[in-house]
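Here is a short briefing on one protein chain. Look at the fold first, then follow the points below.

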Amino acid sequence: MKEQEIVPWDVKRILLGQTPAAFLLEVLVRTAVVYVVLLVVVRLLGKRMSGQITILEMGVMLSLGAIVSVPFLMPDRGIVIGVLLLVAILALQQGMSFWGTRSPKVEMISQGRATPLVRDGVLLLDELERAAISREQLFATLRGKQVEHLGQVRRVYLEACGMFSVLRAPEPRPGLAVVCPSDLALFEQDRSRSVCSTCGNLGDRAAPKGAPCARCGRREWRAPVSGRKGSADGSTREQEG
């Protein structure tokens with residue numbers, strides 16, 4: 001649209017653009033047709049597209065959004081081109097999925113792999129940094145899964161789809177609390193031992209003041225949490241929600 005063709009505060013242009021009013025009815029028809037086709041394509045893509053998605057599926061969803069926007073609104077573009085592009089995306093995604101089931105390398109490249117964030121109650125600080133996950137983000141996730149301290153955790157993985165998977169330790173041990181500092185009074189603390197307040201490394205005895213952590217080298221220690229006050233065995237047995 002040329003500059004001289006723009007009339008300031010032209011209500012018709014602002015509301016309808018340069019298209020005739022009759023095109024609004026055509027937009028409704030275009031939307032209905034493309035929407036039905038899109039539902040069919042998404043249904044054929046599989047159940048994963050409506051749940052937690054991987055990198056490949058995220059790319060497909062973004063492509064679908066870009067494709068359907070053109071036949072919705074562009075009066076000089078037909079619907080058939082958009083439908084053909086949707087079918088092409090469907091074929092590409094199904095082909096990559098088929099190839100991935102037969103090649104672990106292709107599956108790893110297209111889907112990604114899980115990243116361990118906690119191992120045997122200790123934070124893997126390097127992996128947290130690579131994944132751009134803060135300790136508080138991780139702790140919030142653990143609290144949402146009824147975890148109160150790292151001693152209850154055997155493994156935590158950041159899945160390729162962005163979900164967190166928590167594997168509980170069969171026999172919890174004292175560990176670094178993931179609850180808010182103001183709630184520490186609700187829990188039993190093992191004063192005979194120390195836990196690194198940075199990575200959660202558990203010492204066999206109380207660490208001397210200023211001693212470095214064997215895992216991360218930090219010098220800040222605190223008493224580990226062993227369970228809620230008043231519990232029968234000093235630990236929690238709640239199941240994940």
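A nonpolar patch is made of Val, Leu, Ile, Met, Phe, Trp or Tyr residues that have over 30% relative accessible area and no salt bridge, with side chains joined within 5 Å. One such patch sits on the surface of this predicted model. Tyr35, Val36, Leu39, Val40 and Leu44 form it. Together they offer about 470 Å² of accessible area.

**Overall make-up**

- The chain holds 7 helices and 8 strands.
- It has 241 residues, and 33% of them count as buried.
- About 15200 Å² of the chain is exposed, with carbon and sulfur atoms supplying 60% of that area.
- Among contacts between residues at least 6 apart in sequence, 56% join residues at least 24 apart.

**The surface patch**

- Tyr35, one of the patch residues, belongs to helix H2, which spans residues 23-45.
- Is Tyr35 buried, partly exposed or exposed? Tyr35 counts as partly exposed because its relative accessibility is 48%, and the partly exposed class lies between 20% and 50%.

**The sheet**

- An open sheet of 4 strands runs in the order E2-E1-E3-E4, and its pairing is antiparallel.
- Strand E2 (122-123) and strand E4 (164-168) are the edge strands, each pairing on one side only.
- Strands of a sheet pair through backbone hydrogen bonds, in either a parallel or an antiparallel way.
- Strand E1 (residues 115-119) and strand E3 (residues 153-158) run antiparallel, joined by 4 bridges.
- Which residue of E3 stands opposite Arg119? The partner is Arg155.

**The largest nonpolar core**

- This core has 19 residues.
- Leu117, Leu138, Leu142 and Val156 touch the most other members.
- E1, helix H7 (135-144), E3 and E4 each supply at least two of the core residues.
- Beyond four places away in sequence, Leu142 touches Val147, Leu150, Val153, Val156, Val166 and Val178.

**The second core and Gln93**

- A separate, second core has 10 residues, including Leu45, Val60, Leu64 and Ile89.
- Gln93 lies in helix H4 (residues 79-102).
- Why does Gln93 count as buried? Its relative accessibility is 3%, and buried means under 20%.
- Leaving out residues up to four places away in sequence, Gln93 touches Leu45, Glu57 and Val60.
- Two of these contacts, Leu45 and Val60, are among the members of the second core.

**Positive phi outside glycine**

- Most residues other than glycine have a negative phi.
- Asp120 has a positive phi of about 50 degrees, although it is not a glycine.
- Where is Asp120 found? Asp120 is in the loop between E1 and E2.
- Asp120 counts as partly exposed, because its relative accessibility is 41%.
- Ala132 is not a glycine either, and its phi is positive, near 55 degrees.
- The place of Ala132 is the loop between helix H6 (125-130) and H7.
- Ala132 counts as exposed because its relative accessibility is 62%, and exposed means over 50%.

Terms used
Residues are numbered from 1 along each chain as its sequence is written. This is a predicted model: local features need pLDDT of at least 70, side-chain atom pairs count only at pLDDT 80 or more; totals for chains, interfaces and linings use all residues. Side-chain values use heavy atoms; hydrogens and water are left out. Buried means under 20% relative accessible area, exposed over 50%, partly exposed in between (1.4 Å probe, protein chains only). Contact means heavy atoms within 4.5 Å. Two strands pair if DSSP finds at least two bridges between them. Patches are made of residues with over 30% relative accessible area and no salt bridge: like charges are joined within 9 Å, nonpolar side chains (Val, Leu, Ile, Met, Phe, Trp, Tyr) within 5 Å. Accessible areas come from the Shrake-Rupley method with a 1.4 Å probe; for residues, only the protein chains shown count as cover. A salt bridge is a side-chain nitrogen of Lys or Arg within 4 Å of a carboxyl oxygen of Asp or Glu. A nonpolar core is a set of buried Ala, Val, Leu, Ile, Met, Phe, Trp, Tyr and Cys residues joined through side-chain atoms within 4.5 Å.
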